[in-house]
Amino acid sequence: MHGFANPKRFLALARWLTPLCLASGLLICAGALGWGLFEVPPDQLMGQTVRILFLHVPFAWLGMAGWSTLALCSMIFLVWRHPLAALGARAAAAPGAVFTALCLITGSIWGRPTWGTWWVWDGRLTSMLVLFFLFCAYIALAGAAEREGVSPRIPAIFGLVGAVNLPIINRSVVWWNSLHQPPSITMGKSAIDPVFLVPLLISTLGFTLIFAGVVLARMRALLAHTQAEARLRRKAMEAA
Amino acid sequence: MSALKPKHQRLVLLGFALVALLAAGLLAAWALRNQASYFYLPDQMKANPPAVGQAVRLGGMVEKGSLKTLPDGVTIDFTVTGRGNAQIPVRFTGIVPDLFEEGSGVVAEGHLAPDGVFIASTILAKHDENYVPREMQGMTDTKAAKMAEKTTVGLQ
């Protein structure tokens, strides 16, 4: 891990890993979504609307994986003080927020024809909305900490505290009666027919690669920003 | 005690803090388990009935063979059951979602009438965790057409 904490080595790795993740992710997503849209048969109850599964589930997974990344990076930053980890947490926040929002939107569109409602305040939907608000708060907090020159440890602590919501989202449909159905995929077994499951897993892989690519690209941008600022400061010192 | 390096101290401290935080969060969520439920199960409603007229939700299965349309054509009567034996009769006037049918999950919003019938003002269909493709093969053409009609109506 210490090896990757070196920004030079990270940049050398990210330079080719970023386009690779983005390109392969886009290709895999296009394939999986095309498959899901044209090849997969309709569900016996939901009919054609089942196809939104191939968007909704990867979005939900990446919303939660986004905060997991953010919390893990925050932890590494707080304990080992790697500045790159702080950048990783900040880079994961925006794509995580976007995927969480997309999850809420696709879920709402799916809920109307199947459940008969756009939105209900049940445990799963509410805890997912809280996750979206946590992302927004983190983005605002990290931005403010940078602008005001406050310690980046404050957003990192917030990132760790917010991780409490993850097991709550995961368990919300088990602990409480909710309109959202219980998990279809649990340890080692799936209530989703392979006809749906295979394209779902492939599309999840594709969106995950896109997410990784975006995080890497944002980390490079944040690094470049820090370096440019440092150089400007040095120039100003020399001129003075 | 001073043998710990600063980063190990931070790791231990953070570990304790995280465990305490998680425990607190989970305890709070656990304490909420009754209040945060979206609906009553039939057994819960039988055992601990809400006040007559109080707005509540009831969730469970529509019992097979219990769905009846009243002579006015828009009012339906059905029975909601759960895992236990409790049965709650429900009456609803209006349009039900596509997925609403006998043997499937339902969440009804409404209130209990004095005679024990649950008067629903809104009906939501609850999907289960199973995703099964519809087998059009092996069906007669008319049956397949009926199926397709049933699940695409209202989508165009």
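## Exercises on rings and helix packing

A:Trp175 has a relative accessible area of 23% and is therefore partly exposed. The model from which this value is computed is a predicted one, and the exercises below work through its aromatic pairs, its helix packing and two sites in chain B.

**Exercise 1.** Determine how the rings of A:Trp67 and A:Phe158 are arranged, and which parts of chain A the pair ties together.

*Solution.* Begin with the search of the whole structure, which finds 12 aromatic pairs over all chains. In the pair formed by A:Trp67 and A:Phe158, the ring centres are 6.3 Å apart and the planes stand at 75°. Planes over 60 degrees apart count as edge-to-face, so the pair of A:Trp67 and A:Phe158 is edge-to-face. Next, place the two residues: A:Trp67 belongs to helix H2 (residues 53-80) of chain A and A:Phe158 to helix H5 (residues 153-162) of chain A, so the pair ties together parts that lie 91 residues apart in sequence. Finally, consider exposure, where A:Trp67 counts as buried at 0% relative accessibility, while A:Phe158, at 23%, counts as partly exposed.

**Exercise 2.** Classify the aromatic pair of A:Trp175 and A:Trp176, and state whether A:Trp176 is buried or exposed.

*Solution.* The centres of the two rings are 5.9 Å apart and the angle between their planes is 65°, an edge-to-face arrangement. As to exposure, A:Trp176 has a relative accessibility of 6% and therefore counts as buried, whereas A:Trp175, with 23%, is partly exposed.

**Exercise 3.** Work out how H4(A) is oriented relative to H5(A), and which residues meet where they pack.

*Solution.* Helix H4 (residues 123-148) of chain A packs against H5(A) at an angle of about 165°, and the two axes are 9 Å apart. Because of that angle, H4(A) is roughly antiparallel to H5(A), and their crossing is left-handed. On the H4(A) side the residues in contact are A:Leu134, A:Ala137, A:Tyr138, A:Leu141, A:Ala142 and A:Ala145, and they meet A:Ile154, A:Pro155, A:Phe158, A:Gly159 and A:Gly162 in H5(A). The partly exposed A:Phe158 is thus among the contact residues of H5(A).

**Exercise 4.** Describe how H2(A) packs against H3(A) and against H6(A).

*Solution.* Take helix H3 (residues 83-114) of chain A to begin with: its axis and that of H2(A) come within 7 Å and cross at roughly 155°, so H2(A) and H3(A) are roughly antiparallel to each other, and the crossing is left-handed. Turning to helix H6 (residues 165-175) of chain A, its axis comes within 10 Å of that of H2(A), with a crossing angle of roughly 155°; H2(A) and H6(A) are therefore roughly antiparallel, again with a left-handed crossing. In this packing A:Met64, A:Trp67 and A:Ser68 of H2(A) meet A:Leu166, A:Ile169 and A:Asn170 of H6(A).

**Exercise 5.** Locate B:Asp77 in chain B and list the residues that B:Asp77 touches; then state what lies over the face of B:Tyr38.

*Solution.* B:Asp77 is placed in strand E3 (residues 75-81) of chain B. Its C-alpha atom is separated by 7.2 Å from that of B:Pro89, 12 residues apart along the chain. When residues up to four places away in sequence are not counted, B:Asp77 touches B:Ser66, B:Leu67, B:Lys68, B:Leu70, B:Val90 and B:Arg91. Over the face of B:Tyr38 lies B:Arg57, at 3.9 Å from the ring centre.

Terms used. Residues are numbered from 1 along each chain as its sequence is written. Chains are lettered from A and ligands numbered from 1 in the order in which they are written. This is a predicted model: local features need pLDDT of at least 70, side-chain atom pairs count only at pLDDT 80 or more; totals for chains, interfaces and linings use all residues. Side-chain values use heavy atoms; hydrogens and water are left out. Rings of Phe, Tyr and Trp (its six-membered ring) pair if their centres lie within 6.5 Å; planes under 30 degrees apart count as stacked, over 60 as edge-to-face and the rest as tilted. Helices (H or I, at least four residues) and strands (E, at least two) are DSSP runs, numbered from the N terminus. Buried means under 20% relative accessible area, exposed over 50%, partly exposed in between (1.4 Å probe, protein chains only). A charge sits over a ring if NZ of Lys or CZ of Arg is within 6 Å of the ring centre and within 35 degrees of the ring normal. Axes are lines fitted to C-alpha atoms, for helices over the stretch in contact, and angles run from 0 to 180 degrees between N-to-C directions. Angles under 35 degrees count as roughly parallel, over 145 as roughly antiparallel, 65 to 115 as roughly perpendicular and the rest as oblique. A crossing is left-handed if the near helix is turned anticlockwise from the far one by less than a right angle, and right-handed if clockwise. Contact means heavy atoms within 4.5 Å.
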